[in-house]
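Me: I would like to go through this structure step by step, with the reasoning behind each answer spelled out.

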Amino acid sequence: MVATLKNIDTYTELLKQLKYALYCIFHPADGFWCINREKRASVASATVLLVVYCLIEVMRLTLTNFQMLLVPIEYFNAPMAALSICVPILLWSVANWGFTTLFNGKGKLSDIYVATVYAFTPVIICNAAGIVISQFITFEEGVLYHTMLSIAGIWAFLLVLVAMMQVHDYTLLKAIATSLLAICGIGFIVFIFLLFFSLVSDAFMYFYSLYNEIVFRLY
Amino acid sequence: MRKLLAIVLSSVLLIGLASTVHAAGPTNYTYVYGFWADEIATPDAFAVAGMVYGFDYGIGNFNNPQDLHSCKLTNKLYIADTGNNRIVVFDLDESTDSFVLNRVVTGVYIDPADVPVLRDVGEVDLEEDDEEGAPHFDDGEHSVDETEHFDDDEDDVNPQTDEIDEQWTMDNGQLTIDDEDENEIDEDGLVEDEEFPLYNEDGLIFSGFNSPHGIFVDKHGEIFIADTLNQRILRLDNDFNYINSVFRPDDPTVVDDGIEFLPLKLVADFSGRIFTQVRNVNKGFMEFDVDGTFHGYMGASRVEPRLIDIFWKRIATDAQRRQMELFVPTEYNNLSLDHDGFVYATLSAYSGNPFDGVAPVRRLNAIGEDILIRNGYAEPAGDWWGGSFGGIQGMSRFADVTVFPNNSYAVLDRTRGRIFMYDYQGELLYVFGGIGNTRGRFLDVAAIDRMGDNLLVLDPRAATVTRFAPTRYGSYITAAMDYYYSGDYDKSAEMWNMVMNLNGNYDFAYIGMGRAALRNEQYAEAMRLYEIKHDQENYGKAFQLFRKDWIEANITTILLCLLVVYVILKTLSIVLKIRNKRKGE
């Protein structure tokens with residue numbers, strides 16, 4: 001592990017893999033087909049990209065000129081902002097993987113994760129560009145900024161669809177269907193989590209009050 | 001978007017804020033809503049300068065007074081003492097800064113031809129439905145026919161007194177005059193009551209008020225009284241001498257037979273038009289000219305049923321349809337005239353949903369369109385949420401509005417007895433008042449009016465008039481707005497600066513100073529002030545000018561930089577090309 005980290009080739013490889021994101025967003029069909037089959041990207045590179053995405057998101061919320069974006073900075077929470085990016089992507093990967101394995105999907109969990117993160121590249125780039133642009137335009141010219149971000153969002157959305165098609169070797173319809181199922185799956189996972197935590201806290205409170213009873217008896 | 005965001009955020013914040021809403025103490029609690037829709041306490045803008053109790057003047061307490069009107073021209077305050085069927089007039093004594101009783105009027109001598117022919121209206125409850133149990137008018141003992149003959153012993157009230165020096169005595173709670181020389185006129189059998197004559201020397205017949213609900217004094221000093229249960233509007237000169245009456249229009253094509261003419265509130269504008277709010281009329285205000293000719297309705301609220309309602313109505317059966325809510329326009333409940341002659345109207349039907357189209361305060365132009373400017377954080381609709389504190393819940397329901405010369409206006413909220421002050425752009429400036437028994441709070445509110453820079457609030461349950469005078473803080477705000485309104489932006493900024501010294505949390509101080517900075521071409525300063533206040537649009541304006549100036553000042557540098565970058569890039573590409581060529585060889 002340490003040896004790998006010390007090897008300079010690891011980093012040139014990583015850089016190459018990150019550069020592949022740019023190829024993916026302009027040639028999605030080809031790009032996402034090869035992304036796992038030809039090892040053009042790895043979990044490591046996707047994670048780096050995700051971290052960058054989180055950082056850019058935090059920067060977007062804090063550094064964008066307030067004409068374009070008003071954030072109540074008193075209540076701003078950077079980890080929460082980062083989580084609001086990571087958690088949906090991870091949930092999506094898991095839920096999508098869960099359904100696509102049932103529907104002959106070719107992609108592994110790691111493939112889905114990598115492809116999804118790579119599909120968000122336009123959003124990362126446009127958000128970063130938006131931070132810079134917002135410093136130079138006025139409120140009325142803000143249309144430019146907002147349009148740019150909207151286009152990036154739509155672009156990313158389409159890329160995710162194509163990515164799912166290519167990774168799982170699906171038709172478009174099947175990709176859409178499994179994606180919808182995956183969204184339901186996300187809801188289900190969240191529900192289970194909430195249920196789990198509320199039950200655990202109830203159980204904890206039960207034992208805690210039991211403990212209190214005993215302690216009060218003894219004193 | 002900003003508003004939506006603010007609402008979402010603030011609903012989260014509200015839970016935390018709820019515990020700090022009511023600060024106890026000798027001062028009134030004054031607050032304003034900030035950008036993120038949180039309640040921000042401010043210094044008091046108005047303080048109680050005096051209270052008017054009827055009892056203090058020896059005329060017995062007011063009984064359920066419903067309207068008041070102040071006239072700066074004559075320094076007079078008119079109160080429609082509805083339950084006592086009289087109009088009470090006070091003078092403002094400026095030397096002592098207090099009110100002095102001018103006269104009590106219980107009726108006027110009118111042309112016998114103008115004696116109202118009353119339609120049977122049955123039992124009427126003239127007050128608005130009020131779940132808090134505000135006093136309801138009881139017309140049990142004042143039947144409408146009695147007014148014509150005026151033979152009721154209980155209505156043993158003086159017709160009119162011009163001198164204040166006369167002896168006032170109380171007799172079974174009713175007022176009489178201890179003046180023996182009053183009955184100078186021959187009693188030729190027409191006068192049934194010994195105390196005062198039914199006919200005066202001009203052959204005019206005395207006609208007492210019956211539950212007068214509204215009073216208005218126009219620019220020329222003419223007095224208009226909505227004599228509700230007499231079903232007429234009286235037009236009097238400034239000395240309460242009869243001029244003419246306005247009756248129910250006798251035209252079935254314009255006024256349904258079912259509609260009774262029970263005028264409650266009224267104003268008369270400069271061009272001699274009377275606008276009156278009539279009970280159970282939802283077509284808007286009735287418009288008359290001063291002679292009593294009916295001109296039509298003005299300012300009816302539009303009804304825009306939602307798509308979903310139309311759909312349900314389509315598929316519902318007739319029986320179901322009958323049970324459904326009717327889509328009728330909401331009735332106005334009060335009106336006021338601004339100095340430009342526009343009518344400000346209030347509705348009490350606001351549900352708290354800003355998207356349902358009910359604008360609870362409106363400024364109506366001559367053809368009845370709402371032209372109120374709404375550029376504030378939220379629509380001028382009172383409190384932004386109707387929590388349930390102290391047994392009061394629900395959204396603000398407005399009772400009355402009064403307009404200042406700089407087009408800022410104060411609206412009276414019946415739900416919580418609060419006064420909301422808005423500027424001419426619809427920004428909420430401050431809120432004060434409340435339900436309670438202390439000075440500066442009310443049991444119920446019926447009417448608000450201004451007298452100079454003072455505010456007068458009528459409390460029908462406590463039967464008092466509370467006079468508020470602006471504090472230093474309040475007068476700075478008013479002055480700042482006045483200066484801005486008259487175009488003196490530097491003075492305005494100066495005033496806003498004073499406001500900021502007293503309250504560093506006040507958004508409008510920043511925006512006011514920013515506005516002045518923008519005008520004085522101090523763009524960077526304007527940007528700083530606007531940024532504090534989160535004013536994106538104005539910041540954008542300042543920034544545009546700042547950017548233009550900056551580019552103009554630094555155009556040579558920018559061009560030079562661009563040139564340098566271009567040259568470097570060009571050289572690089574040439575160098576790379578040569579190198580590649582060499583490699584290729």
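The questions and answers below concern a predicted model, beginning with chain A and moving on to chain B and the contact.

Me: How many helices and how many strands are there in chain A?
Reply: This being a predicted model, the elements are read from its computed coordinates. From the N terminus on, chain A runs α-α-α-α-α-α-α-α-α. The count for chain A is therefore nine helices and zero strands.

Me: Is chain A spread out or a compact globule, and what is its radius of gyration?
Reply: The C-alpha atoms of chain A fill a box of roughly 70 × 50 × 45 Å along the principal axes, and 32% of its 219 residues count as buried. For 219 residues the globule rule gives 17 Å, and the value for chain A is well over that, so the chain is more spread out than a compact globule, with a radius of gyration of 22 Å.

Me: How far apart are the end C-alpha atoms of helix 9 of chain A?
Reply: Helix 9 of chain A covers residues 172-218, which makes 47 residues. At 1.5 Å a residue, the expected span of this helix is 69 Å, and the model agrees with that expectation, because the end C-alpha atoms are apart by 68 Å.

Me: Which residues of helix 9 of chain A are buried?
Reply: Helix 9 of chain A is hardly covered, as the count of buried residues among its 47 residues is four. What covers these buried residues includes helix 5 (78-102) and helix 8 (142-168) of chain A. The buried residues are A:Ala175, A:Thr178, A:Ser179 and A:Ala182.

Me: What share of the residues of chain B count as buried?
Reply: Chain B contains 10 helices and 29 strands. In chain B, residues 24 or more positions apart account for 50% of the contacts with a separation of 6 or more. Of the 585 residues of chain B, the share that count as buried is 41%.

Me: How many of the residues of helix 7 of chain B are buried?
Reply: Helix 7 of chain B takes in residues 507-519, and its end C-alpha atoms are 19 Å apart where 18 Å would be expected, which agrees. What covers its buried residues includes strand 26 (428-433), helix 5 (472-485), helix 6 (489-502), helix 8 (523-533) and helix 9 (536-553) of chain B. Among the buried residues are B:Phe508, B:Tyr510 and B:Arg515. This helix is largely enclosed by the rest of the structure, because the buried residues number 12 of the 13.

Me: Which strands are the edge strands of the open sheet 16-17-18-19 of chain B?
Reply: Four strands of chain B form this open sheet, in the order 16-17-18-19 and with antiparallel pairing. The twist averages 25° from one strand to the next. An edge strand pairs on one side only, and in this sheet that holds for strand 16 (263-268) and strand 19 (294-298) of chain B.

Me: What is the bridge partner of B:Phe288 in strand 19 of chain B?
Reply: Strand 18 of chain B, residues 285-289, pairs with strand 19 of chain B in the antiparallel sense over four bridges. The partner of B:Phe288 in strand 19 is B:Phe294.

Me: How many residues of each class are on the side of chain A that touches chain B?
Reply: The contact takes seven residues from chain A and 11 residues from chain B. By class, the residues on the side of chain A are four nonpolar, two polar and one charged.

Key
Residues are numbered from 1 along each chain as its sequence is written. Chains are lettered from A and ligands numbered from 1 in the order in which they are written. This is a predicted model: local features need pLDDT of at least 70, side-chain atom pairs count only at pLDDT 80 or more; totals for chains, interfaces and linings use all residues. Two residues are in contact if their C-beta atoms, placed from the backbone, lie within 7 Å. Ala, Val, Leu, Ile, Met, Phe, Trp, Tyr, Cys and Pro count as nonpolar, Asp, Glu, Lys and Arg as charged, and the others, Gly among them, as polar. Helices (H or I, at least four residues) and strands (E, at least two) are DSSP runs, numbered from the N terminus. The expected span of a helix is 1.5 Å times one less than its number of residues. A residue is buried if 20 or more other C-beta atoms lie within 10 Å of its own, exposed if 12 or fewer, and partly exposed in between; C-beta atoms are placed from the backbone. The radius of gyration is taken over C-alpha atoms; the globule rule is 2.2 Å times the number of residues to the power 0.38. Two strands pair if DSSP finds at least two bridges between them. Axes are lines fitted to C-alpha atoms, for helices over the stretch in contact, and angles run from 0 to 180 degrees between N-to-C directions.
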